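Please walk me through this structure, taking the sheets and then the helices that pack on them and against each other.

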Amino acid sequence: MLTTRFVDGAPNWVDVGATDIDRAASFYGALFGWRFESAGPEAGGYGFFRLDGRTVAGGMQTGPGQGPPAWTVYFRTPDAQATAETAERKHGRVLLAPTDVMGQGTMAVLADQAGVPFGLWQPGGTKGVDLANEPGSLCWVELYTPDIAAAAAFYDATLGLETSAAAFPGGVYTCVNPAGAGEDAMFGGIVPLADDPTEAGSDAHWLPYFEATDVDAVAGRAQELGGRVRMPATDVEGVGRIAKLADPSGARFAVIRSAAQTK
């Protein structure tokens, strides 16, 4: 479960890069009730999505050469520079070197051993998002990768993440949590890329999940707003009801009505 009582290795921030940030703001505003607020001219167009006054995500305009529109998941680290150096030793890459963000913290963007981008956030004045695991906020993340064992080894060495196997109808799911934190701190999973049949030839990626009270309604609304339903609303026993979506720019995300929320 994700909470705002962040521990090292757990996700503490998420943001979306969009080719049209105004359209993205309109899309997510209509979908989740988020309001986009610019961080000011000194932030280079970066801003914050807020829900009832609490920050749930960041967003920015992307241009040529900045990669395709995508959501980026950031993980808490006590030392972004040391974590980036470890990632390089473990066959990852530094896409954006650790950078101070106006005294609020230090950020970096890396790529893992399979080339999947992910972020680091070393807290300063900003610890992370203000809301998690509630409707309209981040509640889970999944890594879709061609080699689960290699990914598990990389993130263990780089972020100190542990994996465990959980049986479910039809197979085994690889769960992820910060080392020593136990199952209560479980925040995501590592999934074979071949298990994401929604797009033939899809690249490896981190996928953020946002809690929703009505997954079917959110999926339908996303389509009306110019987004795309990558996987229709589906029940997963013991987990909840899930849909995989993409926003108008093509950035992938998912929504879930967690089983725990229905109790």
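Helices and strands are taken here as DSSP runs, a helix having at least four residues and a strand at least two, and they are numbered from the N terminus. With that convention, Thr-62 can be placed in the loop between E4 and strand E5, which covers residues 70-76. The model in view is a predicted one, and the description below should be read accordingly.

Thr-62 is a convenient place to begin. Its relative accessibility is 13%, and because buried means under 20%, Thr-62 counts as buried. When its neighbours within four places in sequence are left aside, the residues in contact with Thr-62 are Gly-17, Ala-18 and Thr-19.

The strands on either side of that loop belong to an open sheet of eight strands with mixed pairing, in which the order is E2-E3-E4-E1-E5-E8-E7-E6. At its edges stand strand E2 (35-38) and strand E6 (93-100), each of which pairs on one side only. Averaged over the sheet and with direction ignored, neighbouring strands are turned by 25 degrees against each other. Within this sheet, strand E3, residues 47-51, and strand E4, residues 54-61, are paired in the antiparallel sense over five bridges, and Phe-48 is found opposite Gly-58 in E4. Helix H2, made of residues 80-89, lies across E6, strand E7 (105-111) and strand E8 (117-123), and its direction runs at about 175 degrees to E6.

A further open sheet of eight strands, again with mixed pairing, follows the order E10-E11-E12-E9-E13-E16-E15-E14. Here the edge strands are strand E10 (161-168) and strand E14 (228-236), each pairing on one side only, and neighbouring strands are turned by 25 degrees against each other on average when direction is ignored. Strand E9 (residues 138-145) pairs with strand E12 (residues 188-192) in the parallel sense over five bridges, with Tyr-144 standing opposite Val-191 in E12. Two helices pack on this sheet: helix H1 (residues 21-32) touches E13, E15 and E16, its direction making about 10 degrees with that of E16, while helix H4 (residues 215-224) touches E14, E15 and E16, its direction making about 10 degrees with that of E15.

Strand E16, residues 252-258, deserves a separate look, since six of its seven residues are buried, leaving the strand mostly covered. On one pairing, strand E13 (residues 205-211) and E16 run in the parallel sense over three bridges, and Glu-211 stands opposite Ile-256 in E16. On another, strand E15 (residues 240-246) and E16 are antiparallel over seven bridges, and Lys-244 stands opposite Ala-254 in E16. The hairpin of E15 and E16 has five residues between the strands, and in this hairpin Gly-250 takes a positive phi near 105 degrees.

The loop between strand E11 (171-178) and E12 holds Ala-185, which counts as buried because its relative accessibility is 18%. Not counting residues up to four places away in sequence, Ala-185 touches Met-1, Asn-177 and Pro-178. The C-alpha atom of Ala-185 is separated by 23 Å from that of Thr-213, which is 28 residues away along the chain.

How are the helices arranged against each other? Two packed helices are described by the angle between their axes and the distance between the axes. The axes of H1 and H4 are 10 Å apart and the helices pack at an angle of about 155 degrees; an angle over 145 degrees counts as roughly antiparallel, and H1 and H4 are therefore roughly antiparallel to each other. Their crossing, that of H1 and H4, is right-handed. Phe-27, Ala-30, Leu-31 and Phe-32 of H1 make the contact with Val-218, Arg-221 and Ala-222 of H4, and by class this contact has six nonpolar residues, no polar ones and one charged.

The other helix pair is H2 and helix H3 (residues 148-159), whose axes come within 8 Å and cross at roughly 150 degrees, so that H2 and H3 are also roughly antiparallel to each other. The crossing of H2 and H3 is right-handed. On H2 the contact involves Thr-83, Thr-86 and Ala-87, and on H3 it involves Phe-154, Ala-157, Thr-158 and Leu-159; these residues divide into four nonpolar, three polar and no charged.

Key:
Residues numbered from 1 in each chain as written. Predicted model: local features only at pLDDT ≥ 70, side-chain atom pairs only at ≥ 80, totals over all residues. Heavy atoms only, no water. Pairing = 2+ DSSP bridges. Axes fitted to C-alpha atoms, helices over the stretch in contact; angles between N-to-C directions. Contact = heavy atoms within 4.5 Å. Buried < 20%, exposed > 50% of the residue type's maximum accessible area, 1.4 Å probe, protein only. Parallel < 35°, antiparallel > 145°, perpendicular 65-115°, else oblique. Left-handed = near helix turned anticlockwise from the far one by under 90°. Nonpolar A, V, L, I, M, F, W, Y, C, P; charged D, E, K, R; others polar.
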